[in-house]
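Hi everyone, thanks for making time this morning. Let's have a look at this one together, and do stop me if anything is unclear.

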Amino acid sequence: MSYKTLRHHTEHHVSLITFNRPEKLNAFNKLMIKETIKALDEAARLTRIRCVVLTGDGNSFSSGQDLTEFGDLAVTNSLENHLRQGYNALVSRMISLEKPIVAAVNGVAAGAGLGVALAADIRLASSRARFIHAFTRIGLVPDSGSTWTLPRLIGFGRAMEMALTGKPISADLALSWGLVNEVIPHDQLMPVAITWAQSLASGPTVAFGLTKQAMYSANRMTIEEALENEAELQAIAGKTADFREGVRSFLEKRKPKFTGE
Ligand code: T3D
């Protein structure tokens with residue numbers, strides 16, 4: 001499949017999706033949102049893909065919505081429809097993808113660029129990364145799921161601070177707040193991200209997909225409902241070849257060889 005706004009490459013069960021509009025710090029236009037969803041759909045469809053990495057070309061992850069598109073939007077569409085068809089669909093696709101997503105945040109992640117990073121399952125930050133909740137800086141409210149994801153990751157008080165001040169958060173501060181999983185020297189970011197991804201891609205893919213489902217749905221459940229949901233999802237995991245391999249390898253005192261089935 002060919003893309004105009006992304007570079008896309010699959011190797012060793014890992015789909016590497018690179019936002020490719022570096023002249024605008026990888027700002028999302030309509031096409032880039034659409035193509036990212038398409039690449040994620042492909043990752044969902046192909047069983048050989050077992051992990052996705054999102055990153056940006058050049059020195060930025062993504063600066064969020066392409067502000068040069070906003071003139072058009074005001075005339076041709078409402079922002080709410082743009083959100084529903086754009087970022088809402090993209091973030092929902094990320095959350096519902098039954099495979100792990102690693103965001104390798106190679107530079108600035110602002111606005112919806114931050115929202116997309118927050119919807120990944122693992123965030124690795126280059127030492128040069130900056131996180132900016134840029135929405136109120138241009139008179140908008142936070143979107144792309146960040147009112148849901150950000151307070152859950154870093155707490156309500158810090159999320160409100162990021163939202164109201166729009167101030168840049170450094171990689172080290174992001175790590176200490178729990179916004180990212182690891183900070184990596186800039187020139188080592190991609191090798192480390194690929195190592196993470198290959199490790200996840202050799203894991204029990206079905207169990208990982210069900211884990212995402214369990215974690216996200218538990219957020220809107222009572223403890224009793226979450227317990228029941230876990231039981232239902234465990235019934236599915238318990239029927240996989242990877243579960244049988246996991247137990248067998250433990251008993252045989254060797255590393256498991258998961259196939260993702
Ligand atoms: O309904 C809906 O869909 C609403 C959805 C909204 C979602 C959102 O994401 S709202 C938030 C949108 N994003 C922003 O407001 C961030 C805008 N960008 C910036 O504030 C700064 O560029 C950064 C803090 C991210 C980086 O600053 P800096 O100094 O490192 O770079 P720069 O010089 O500002 O940018 C470099 C170039 O990229 C520059 O172009 P030029 O002058 O060299 O030709 C700049 O205009 C361009 N650029 C950066 N961000 C965007 C952009 N062009 C279009 N859209 C951008 N978001």
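Let me start with two helices: the axes of α10 (residues 205-218) and α11 (residues 223-237) come within 10 Å and cross at roughly 170°. This is a predicted model, where local features need pLDDT of at least 70, side-chain atom pairs count only at pLDDT 80 or more, and totals for chains, interfaces and linings use all residues. Residues are numbered from 1 along each chain as its sequence is written, and side-chain values use heavy atoms, with hydrogens and water left out. Helices are DSSP runs of H or I with at least four residues, strands are runs of E with at least two, and both are numbered from the N terminus. Axes are lines fitted to C-alpha atoms, for helices over the stretch in contact, with angles from 0 to 180 degrees between N-to-C directions.

So α10 and α11 are roughly antiparallel, the word for angles over 145 degrees. On the α10 side, L210, Q213, A214, S217 and A218 make the contact, and they meet A226, N229, L233, I236 and A237 of α11; contact here means heavy atoms within 4.5 Å.

Now the ligand. Which residues are closest to it? They are S63, Q65, L67, H82 and A112, out of 23 that surround the ligand, each with a heavy atom within 4 Å. Backbone N or O atoms of A112 and L79 lie 2.8 Å and 3.0 Å from a ligand oxygen, respectively. For R137, a side-chain N or O atom is 3.5 Å from an oxygen of the ligand. Helix α3 gives the largest share of the shell, 3 residues.

Conventions. Angles under 35 degrees count as roughly parallel, over 145 as roughly antiparallel, 65 to 115 as roughly perpendicular and the rest as oblique. A polar contact is a pair of N or O atoms within 3.5 Å; within protein, one must be able to donate a hydrogen and the other to accept it, and residues adjacent in sequence count only if both atoms are side-chain atoms.
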